[in-house]
Amino acid sequence: HSSYELQRRFVGRVSASQRVDVGFEQAGKLDSVLVEEGDAVLAGDSLAQLDSRLLHVERRELEARLSEVEARLGLVRSSLSRQRSLKQQGFSAEQQLDELGAEEKVLIASRDRLQAGLAANELALEKSTLVAPYDGVVSQRFLDKGAVVAPGTPVFQLLEAGELEAQVGVPVAMTRDLEPGETYWVEVGRDEYSATLLAIGSDLDPVTRTVSLRLALPADVPRDGELALLQLAETRYETGYWLPVSALIDGLRGLWNCYIVEPYAEGRYRVVAINAQVLHVEQERVYVAAELEGKRVISRGLHRVAPGQLVRVDDEVAS
């Protein structure tokens, strides 16, 4: 043989196709926690709530100020309408009309500012409730009720619902024969699953010197975080021969020997020891580099013979 196939296993991790740490966009005190670790949630479900009492007080204040401005604006406009009517009759001063017009513009600006403040307050109230960005499962909870949180502080870790993935790092040389869309065997726990290769990473990990593979796992795979063992076949191009394990015997200085038979005389053969370099071992056979071209190898019972011994060969067994 000019090559042999080596089954190699690479360790990775089962993970959700998407995971994210979710938190509030604004500071506040955590008033209530509505879900626990392991809970399934749908996109838009409420996860936690900040204390929003100050925001409600601010809203009432803004609404009161807006009512005041609108009342003053209504009075100014009434006065302005009356003064314009008097002007047509020749009883109103131009300066008074200008003053009322300027006051109207100031009040309109104040009203617009207060309306913008109310819109911002409404948005802040909306954002005081933390909602799930997608369907998923709560994998971790980082904070408890009463905690003071800063903007962006993670409160939960959320895993996307659906099929899981295995992420495994393999040497660059192993990726040359891999094709996205092909299936490979992945062992999780005590079970094996047929996984579809989704993508081959383009970046080389500077520490492990490996490239990351993403493989889609079936829906019945155990939970996120399990170890995943990817099985890949590696072809090594070395000339050698497959022999049963029973065909090897200890040699000198830790080497291995196998016995062959060479024709001697009158139907008899002589046992000769040949050095054999073991290249690969499987359960019941080994791949060795040795000078065995055209040779007849004794496959078992080596303890019964010795180098130099003359033997007869049973042609039926030898075949």
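This is a short tour of one structure, stop by stop, with something to select at each.

Before you start, note that this is a predicted model in which local features need pLDDT of at least 70 and side-chain atom pairs count only at pLDDT 80 or more, while totals for chains, interfaces and linings use all residues. Residues are numbered from 1 along each chain as its sequence is written, and side-chain values use heavy atoms, with hydrogens and water left out.

**Stop 1: a sheet around strand 5**

Select strands 6, 5, 3 and 8, which form an open sheet in that order with antiparallel pairing. Strands here are DSSP runs of E with at least two residues, numbered from the N terminus, and two strands pair if DSSP finds at least two bridges between them. At the edges are strand 6 (129-131) and strand 8 (148-149), each pairing on one side only.

Now zoom in on strand 5 (residues 46-50), which runs antiparallel to strand 3 (residues 28-33) and is joined to it by three bridges. Try selecting leucine 30 and leucine 50 in strand 5, which stand opposite one another. Valine 33 likewise stands opposite alanine 48 in strand 5. Turn to the strand 6 side, where three bridges join strands 5 and 6, again antiparallel. There, alanine 48 has leucine 130 of strand 6 as its bridge partner.

Is strand 5 enclosed or open to the outside? Four of its five residues are buried, so strand 5 is largely enclosed by the rest of the structure. Buried means under 20% relative accessible area, exposed over 50%, and partly exposed in between (1.4 Å probe, protein chains only).

**Stop 2: glutamine 49**

Stay in strand 5 and select glutamine 49. With 19% relative accessibility, glutamine 49 counts as buried. Which side chain does the side chain of glutamine 49 meet in a polar contact? The partner is the side chain of serine 128, at 3.1 Å. A polar contact is a pair of N or O atoms within 3.5 Å; within protein, one must be able to donate a hydrogen and the other to accept it, and residues adjacent in sequence count only if both atoms are side-chain atoms. Show the surroundings too: not counting residues up to four places away in sequence, glutamine 49 touches Phe24, Lys29, Leu30, Asp31, Ser32, Ser128 and Thr129. Contact means heavy atoms within 4.5 Å.

**Stop 3: another four-stranded sheet**

Next, select strands 2, 9, 7 and 4, an open sheet in that order with antiparallel pairing. Strand 2 (19-23) and strand 4 (40-41) are at its edges with a single partner strand each, so one side of each has no neighbour in the sheet. Inside this sheet, strand 7 (residues 136-141) and strand 9 (residues 154-160) run antiparallel and are joined by five bridges. Pick out arginine 141 to find phenylalanine 156 of strand 9 opposite.

**Stop 4: strand 17 and its partners**

Move on to strand 17 (256-265). Two bridges join strand 17 to strand 16 (residues 249-250), running antiparallel, and aspartate 250 stands opposite tryptophan 256 in strand 17. In the hairpin of strands 16 and 17, with five residues between the strands, arginine 253 takes a positive phi near 50°.

Strand 18 (268-281) is antiparallel to strand 17 as well, with nine bridges between them; one pair to select is glutamate 262 and its bridge partner in strand 18, arginine 270. These two strands form a hairpin with two residues between them, and glutamate 266 in the turn has a positive phi of about 50°. Glutamate 266 is exposed, with a relative accessible area of 74%.

Strand 20 (residues 296-297) also pairs with strand 17, in the antiparallel sense over two bridges. Valine 261 has arginine 296 as its bridge partner in strand 20.

While you are in strand 18, select alanine 273, which counts as partly exposed at 32% relative accessibility. Leaving aside neighbours within four places in sequence, alanine 273 is in contact with Asn257, Cys258, Tyr259 and Pro307.

**Last stop: arginine 209**

Finish in the loop between strand 12 (191-204) and strand 13 (210-216), where you will find arginine 209. The phi of arginine 209 is near 60°, a positive value in a residue other than glycine.
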